[in-house]
Each structure stands twice: as C-alpha cells, then as structure tokens.
Amino acid sequence: MPNQNKNFKNNFENSFSKIIKENIIFFPIRHHSPACSFHLKKIIENYKPETILIEGPSDCNFLMEYMIEEDTIPPFCIYSSYIDKNKEKCRCYYPFLDYSPEFVAIKKAYELKINCSFIDMPFGYIIENSENNINKKLISIYDKDNNKFNVNDYTLELTKKSGVRSFAELWERDFEIKGILKESVDFIKSVYALGYYMRLIENEDIETKNREYFMAKNIKDSLNKFKKILIITGSFHVDGIIDKLKNFENIEKEFNKLKKYNIQNSSNYLIPYSFEEADQRKGYIAGIEYPAFYNNIWKKLNEDSIDNAYIETVQSFIIKAAGINRDYYNITITDCINAYYMAINLAKLRGKNNAGVYELIDSVKSAFVKGDISLENTENIELMIKLLSGIANGKVSSKSVLPPVIIDFRNLCKTHRIRIDKTETTESILDIIKDKNHFEKSKFFHKMRFLDIGFCKLIKGPDYINKIDKNLAREIWKYKYKSQVEALLIDKSVYGVSIEEICFNFIKDKLKTRLNGEEISKLIIESTIMGLYNFLIDNYNEIENIILSDSDFISLCECLNNLSYLINMEILNENINKERENIFKNYDIISKIESLSKLAFILASQNMETLKNLDEESALKYSAYIKNLYIFILENPNYFECEEIFIEKINSMTKNTFGSSHIYAVCLSIKYKSNIIDLKEFASCISNFLEASDTNSIAYFLNGIFLIARDILFINNDLIKEIDKVIKNIEENKFIEILPNLRFAFTNLTPSETETLSSIIEKLYKTKKSNAKNMSEEEIEKAFSIDKKIAEEMNKYEIFK
C-alpha cells in the first residue's frame, strides 16, 4: 500500500510538472471561483503571456469587446442557439459573474493588450457531435463539468473524510478561504490535483473527448504563433488536454472526424443574467452557492483587503440581517455581537482561517431566532439568504449586437416603468378602464402572457378568454425578470422584430392549425386584449370559413358566447373603442362581429338536434346551451331570421322521437314561452308525461321545465298537485335515489319563488312553514358547513359541471 501511494504521488508530480513551463501555463479553474480569479490575475500580471486561451465557445470571440464595455455590468451570459438536423432548436448559456475566472482573464487581457480568444467547441459543433443530441431545454455547457464535483466518487469520499456537510463547504474552506493565502503555484497545484484524481476514476465520455480534442487543436495552432501561452480551462479538462497534445497527428485526425455544423443555423448574443440564476442552489449546477456573498468577497480582494475580506463580509451581512424588520424580530446589538463571535468560533472549530458563508448562516440562525425555528420567526433569515444569493440583474452594453425584439422588450419595459434590473417578484395594479397608461401596460402584459415565456402572471382581474371575473375593472399582475425571458424571446424572433409583430404572426400562425369555432373566437378575444385589432379584419374570411366548417353544437354555442362577450367588451371599454376608431376610422367593426355571431347562432341551431339522444346526466350539463340560444334571440329582437331558424328547429325536435326527457322538457318549455303552444296545452303535456314516464325520467324532465318555464308552477296550481301526486306514489328507495336530481331541479327557482312555492305547499297540506329566524346561529353555521362540504365533493367529481 505505501508503494502504491508513492506511485500515485510520483505520477501526480510528473503530470503537474507539465502544466507550468516557460512557454505554456495551464491554469486549472473551477468556474465562478473568486480564489481562482484572484490567483489568475496575479499569474497574468507576472507571466505576461502573449496570448490567453480560454475554455469558451470559439465562435463567440466577437462578443468579448462588448463584455468589457463600461456599461456592461455582470452577471451576463452568452446565449447560444442552434437549429439541429431535426429542425429542433437547442439552446445553452455561458454565464459570467464579475469574479468568473474567464471574465477576469478577458478584462485583464484587454487592459494589458494581450491577445485573447475562446478555444472550446461552438454550441452547434457540440450538438452535431453528441451521441443523442443534447437536452433541448436551456442548459449550461459547464453544468456537466462542474456536476462532477458533486457526484464523482473521489470528491464524495474527500467530502466525507473532511468532516464537512457538503462539497460546497469543503471548497469554501480549502480553496476559497485558505486558497487566497497560498502562493499561486501551490494554489494551481491544489486545484489541478482535484481534477487529476477525479479524472483517474472517471471514464471519458464522447462529449468530453470531442471538446478536449477541439481545444487541443486550437492550442496546437497557437503554439506555432506565440511563445508564451496561458490556457484557462476547468480543472477536469487539464490532464485530458495535455495527454492529447502529446500526439499532434492524432489531434488532426480526431478533429477531422468531427461533424461540421451549419453556421447559418447558429446564433450567439450577450444577454443579462442574474445572481439568483447563478446560484447553484437554484439549479445552475456549474454555479457556486450564494454568489452575491462571493461578489462581496471579490470586491474586498480587489481592494487589497485579503486578510479581512471574509470577516468584513460576514459582519456586513449580519448587520443587514439584523436590520430586516428589526422591531418585529427584536434583534439587539447583543444578538449581532453574539452572531459575529459565533461565526468566528465556528470557523475555528471547522478548521477555517476565517468565517465563511456557512458560518454566517449558522451563527445568525442561532443568535437571531428566538424560540423554536418556524416560518414565522425565520423570515428575516430567509431574506438574508436571499441577499446572499443576490437579487440584482446584470446589464449588457448598448453597443452589443442584440436582436431587435430584445431592444423592443427593454424599451417597452422602460415605457411602462417595469423594472428588469432585479429578480424580485413585483406586483402591478392596473385600472384598465379609467387609466389609458394602465390600459397600455395591460396590453403589454397580455402579450407577454400569450407568448408564454414566464415573465408575468395575471393574479386577479377579468379573464376575458375564460370569462372569469369579467366584471372586474382592475387587473393585478405579478412579474419577474430572468435571463430566460430574453432567451425565449430570441427564440421567438423568427416571428418578427417586435413584441407586437411576434404576437400577431404567432396568433396568425395558429390559424393554420385545425381550429373550431370556440377556439377561433377565443383567439379573437385574445388578439383584442393584446391590442392586435387588425387580426379580425385581416383574417375575416379565414375566420368565417373556420366557423362555417364547424358542426359541433357545443363549440358553436361557445363561439357565439365569446363573440357576444366581445361586443360587450367593445361597448364597455372606451379605451378599446377609441383605439378601434383611430385605426379603422369609419369601419364598423361591431357589425363584422355581429355577422359572425349570427353565423354561429344559425349553425348552432341547425346542429342542436345532436343533443336529443344524450344520456340524462350529459343533457343536464349541456341544456344550458339551448337556454343561452333562446336568451340570445330574446336580447336581440332584430335577429328575426335567427329566431325563425331556432324556433323551427325546436318544433322539429319535439315532434320527433326523444331519447332525453330533460332536453324534451327544455324544448317544450321554449315552445310555451314563445307562444307556439298555450298554457293549457303546455300543462297537459307536462301532466301526460308525469303520468306515463318512469321515476328517473320525471326528475330530469322537471329540471328541464324549471330551467326555462318555472313560472308555470305559479300560474297553474293543478300542476303542483300533479307533481305532488306523482312523488307520493314513488317507492321510498326509488325516491331516495332520485332525490338529488329533484332537489337540483328546484334550485332553478329564485329565493322569492321558493318562498311563494312554500306558501302554496303550506296551504295544500294545511301546515306552517319552518321559520329560519328560529334557528340558532350554530345550526345555521352547521348547515352552511354541510353545504360547503357537499359542494366541494361535487366539484371534485365534476358533478353538474
């Protein structure tokens, strides 16, 4: 065993001797490490290389000049997209924080006028040469490399033996806090060792192999041009690249094997990123936990405050935590002092030279939380942790090449005073009827929601599309900016150069899919609330054809409801009306919507007969659509041709054989209400049905009668006696079975009608009504509670929906 250990050590020392030479230095890094950046700066200043080669997409060298512009503020990222051979869009990002070694090297190179370039495979190359293609979701190329720190057997065992809770804590202790105190060569050796031993027990996958050969090719080419080269890559790659550089011929051979990618299908941009997204705890595997904390450390290191960088940062965050709702949490100066000294002593116990972020969190929790830990008394701790992660967004130089849609998005955010420099969720309350600016802002939010890019959410307000809370005059929105918002907007830029154009073309593109009447009417409403008023006019014939080709009764009824609702929207919201008038001048848009409404009504009436043979439960659900058609002709007496078609269909339905007693009752009631049959005939039809039908049918039949013509109960007392007689003759077991449907039938009555019916029954049975006023408060509450539970169960199983 001792000999084996000695061999391992000798092999390591032999390998390490190859990474620092007179003409070339390999600098192994962990992405987004302040300690790596600290020593990297010193190496660049002392070594003075002629060129710096950096692990990064080699087709993005043109973006470096924008990274170092004064108005570029980290975090930001390179966003790359590629359309693969299957016409699918693949996307990735390469994040940069102020203390990312790659970014520090770029800034230093430009400052010292040193040649600098990325040497890794372009994203398109990676896609074309991956075994199963890469994950189509937005990913970071660095994720796979850095995740090895968390899942590699070597680092797992190292973490376990070090007595810390996670590799993150191990890294902070041995590489960040202790690392900045080491000589640069010793630090390089320690980081290289980590990658070297991880590599010994890790098989080389195809993507790693391809990338390393690609980087080795670029390094080989640079060796012929420059005498002093500095190479910056992840520590895991260093030994692999050095090994490949031993055989130049094989590098060329492997490079030529790589499948080429289509440059025309590739796009690269700089876009803002956020501290929150850079946090490893939030899903960015290649990140370091609590990036804002280390951003503070980096600032201190640049101020030559090496010895005090950590303790001053810990102290500042203790003060920030204490200041969060101080009165409520009763945090005293003594608590702050206790937290400070506890952090220092915890660091000593854990073998650290200084307290880090984990000692900070543990000490604040211990000193500030009074009593048991719960959600109520740790809110200030949670806010401090949020500050450690960071809430700021970066900014990209105005000189940087950007798609027009991103420029339009940012300008619109500025116009509507929407902050995109923070990752906090922000609430916006809009009075869409009275305030024209709020109305414009609402249209913008609706466009962003339609594009489905996770930027904003309607919390409360009129949901025009689903007709929920449609009488509300205010909207409450919540929005949150993330770099993914701009990344997804870039993806959709194939539809146009502005938010409005993208939405218009996107919604127009939906016309090419197989839509029915309901779907197209929702699309018209959606275009209206987004302010895309031209959609209806420009595509009127296509919309009309979609409705004409629909033969589904329910879809046509929903289409009619939506179009009627749209007319009301036009009338009620003056802002929509005025905008329409300004755009279309004397063009009568309302008449166009009315024409489509008539068309939907006529087609729905013609297809109404499809409801006849429904089972009774389905009939209960869909009979409301027949009622709505009837109400439509009552509210629109000028639609006389529609009324004729509707009544003609009702007549023909009642003459033919019926399957559903409920639908039959609805149609019979409409004939009575439309004066096609008189009261006597109507009452006779009801009596005959009650006498001749089975028990189940009676309950559904009565429900249909009460849905349209419940007034018959109060005009003809004989009918109540007839109903009473039929119910009394039903066997008890059968009565219990149909009771829910009977009760449901009587829910069509208004409170005053229920009171009147009670009086009639009182006289019929010579009894007295129960007086609700005599009920105790407890009894009433209990009744409400039972009703609520029953309603919840009914909703759960979608009963009567």
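This text walks through the fold of one protein chain, from its overall make-up to single residues.

The model is predicted. The protein has 801 residues, and buried ones make up 52% of them. Its secondary structure comes to 39 helices and eleven strands. Consider next how the chain meets itself. Take the contacts between residues at least 6 apart in sequence: 76% of them join residues at least 24 apart.

Start with the nonpolar interior. In soluble globular proteins, nonpolar side chains tend to be buried together. Here the largest nonpolar core has 211 residues. Phe293, Phe368, Phe455 and Phe646 have the most contacts inside this core. Helix 27, residues 553-572, supplies the largest share of the core, with ten residues. A further core lies apart from it and has 29 residues, including Tyr672, Ile677, Ile730 and Leu757.

Now look around one of those phenylalanines. Leave out residues up to four places away in sequence. Phe455 then touches, among others, Phe409, Cys413, Ile418, Ile420, Phe444, Phe445 and Met448. Its partners also include Lys478, Tyr479, Lys480, Tyr481 and Val485.

Next comes a pair of strands. Strand 3 covers residues 76-83, and eight bridges join it to strand 4. The two run antiparallel. One bridge pairs Cys77 with Pro95 of strand 4. Strand 3 and strand 4 form a hairpin, with five residues between them. In the turn, Lys87 has a positive phi of about 65°. How much of strand 4 is buried? Strand 4 spans residues 89-96, and seven of its eight residues are buried. In a regular strand the side chains alternate between the two faces of the sheet.

Step back to the approach to strand 3. Pro75 sits in the loop between helix 3, residues 64-67, and strand 3. The peptide bond from Pro74 to Pro75 is cis, with omega near 5°. Most residues other than glycine have a negative phi, and most peptide bonds are trans.

Two more loop residues also have a positive phi. Arg417 has a phi near 55°, and this residue is not a glycine. Find Arg417 in the loop between helix 20 (404-415) and strand 9 (426-431). Arg417 counts as exposed because its relative accessibility is 74%. Asn675 is not a glycine either, yet its phi is positive, at about 65°. Asn675 lies in the loop between helix 32 (661-673) and helix 33 (679-692). With a relative accessible area of 70%, Asn675 is exposed.

A glycine offers another case. Gly390 comes just after helix 19 and takes a positive phi of about 110°. Helix 19 itself runs over residues 379-389. Its buried residues are Asn380, Ile381, Met384, Ile385, Leu388 and Ser389. An α-helix has 3.6 residues a turn, so residues three or four places apart point the same way.

Helix 30 deserves a closer look. This helix covers residues 616-635, which is 20 residues. From first C-alpha to last, helix 30 reaches 29 Å, close to the 28 Å expected at 1.5 Å a residue. Where does helix 30 bend by about 40°? The bend is at Tyr622. At the N-terminal end, Asp615 acts as a cap: a side-chain oxygen lies 3.2 Å from the backbone nitrogen of Glu617. The buried residues of helix 30 include Glu616, Ala619, Leu620, Ser623 and Tyr625. Further along, Ile626, Leu629, Tyr630, Phe632 and Ile633 are buried too.

Finish with two charged residues. Is Arg30 buried or exposed? Arg30 counts as buried because its relative accessibility is 3%, where the cut-off is under 20%. Arg30 is placed in the loop between strand 1 (24-29) and helix 2 (34-47). Its C-alpha is 9.9 Å from that of Tyr192, a residue 162 positions away along the chain.

The other is Glu212, in helix 10, residues 206-223. Glu212 has 0% relative accessibility, so this residue counts as buried. What does its side chain make a polar contact with? The partner is the side chain of Lys244, at 3.0 Å. Set aside neighbours within four places in sequence. Glu212 is then in contact with Arg199, Glu204, Phe236, His237, Gly240, Ile241 and Lys244.

Definitions and conventions:
Residues are numbered from 1 along each chain as its sequence is written. This is a predicted model: local features need pLDDT of at least 70, side-chain atom pairs count only at pLDDT 80 or more; totals for chains, interfaces and linings use all residues. Side-chain values use heavy atoms; hydrogens and water are left out. Buried means under 20% relative accessible area, exposed over 50%, partly exposed in between (1.4 Å probe, protein chains only). Helices (H or I, at least four residues) and strands (E, at least two) are DSSP runs, numbered from the N terminus. Two strands pair if DSSP finds at least two bridges between them. A nonpolar core is a set of buried Ala, Val, Leu, Ile, Met, Phe, Trp, Tyr and Cys residues joined through side-chain atoms within 4.5 Å. Contact means heavy atoms within 4.5 Å. The expected span of a helix is 1.5 Å times one less than its number of residues. The bend at a residue is the angle between axes fitted to the seven residues ending there and the seven starting there. A polar contact is a pair of N or O atoms within 3.5 Å; within protein, one must be able to donate a hydrogen and the other to accept it, and residues adjacent in sequence count only if both atoms are side-chain atoms.
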